[in-house]
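Work through the exercises below with the sequence and the coordinates open beside you, and attempt each task before reading its solution.

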Amino acid sequence: QVQLVESGGGLVQPGGSLRLSCTASGFLLSNYAMRWYRQAPGKGRELVADISSAGYSSYADSMKGRFTISRDNAKNTVSLQIDSLRPEDTAVYYCMRLLGPYWGQGIQVTVSS
């Protein structure tokens, strides 16, 4: 059974950093392209970053520079590093396996002083 579980979210002050992790079970993450999305309050879900099975990463134009997607195949996880957090980064962040697709349950990130 395919399952994706996000962790690492929470309340962060503006300018801070956060590392989100998505742990996969039921399949080998190394064989699949993975993505991170986010959904801010009152807005639609938007793509943040993508990483191929070969490890090539790409980012939505508005996400370039502060977001870094990576994968640890040994741990079967995909991560999203977010630096210089802004209040507008407040959202529920989801990981997703492209083939399926399969979604995690999402994790809240709140950026506030």
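**Exercise 1.** Is Arg 38 buried or exposed, and what is its relative accessible area?

*Solution.* The model is a predicted one, in which local features need pLDDT of at least 70 and side-chain atom pairs count only at pLDDT 80 or more, while totals for chains, interfaces and linings use all residues. Residues are numbered from 1 along each chain as its sequence is written, and side-chain values use heavy atoms, with hydrogens and water left out. Buried means under 20% relative accessible area, exposed over 50%, and partly exposed in between, with a 1.4 Å probe and protein chains only. Arg 38 has a relative accessible area of 9%, so this residue is buried.

**Exercise 2.** Identify salt-bridge partners of Arg 38 and place them in one network.

*Solution.* A salt bridge is a side-chain nitrogen of Lys or Arg within 4 Å of a carboxyl oxygen of Asp or Glu. Start with Glu 46, whose side chain meets that of Arg 38 at 2.8 Å, N to O; Glu 46 is partly exposed, at 32%. Next take Asp 89, which forms a salt bridge with Arg 38 at 2.9 Å. Asp 89 lies in the loop between β8 and β9 and Arg 38 in strand β4, so the pair ties together parts that are 51 residues apart in sequence; strands (E, at least two residues) are DSSP runs numbered from the N terminus. Finally, salt bridges that share partners join Arg 38, Glu 46, Arg 66 and Asp 89 into one network.

**Exercise 3.** Locate the cis peptide bond that involves Pro 101.

*Solution.* The bond joins Gly 100 and Pro 101, with omega about -15°, and Pro 101 sits in the loop between β9 (91-97) and β10 (102-103).

Technical notes
Helices (H or I, at least four residues) and strands (E, at least two) are DSSP runs, numbered from the N terminus.
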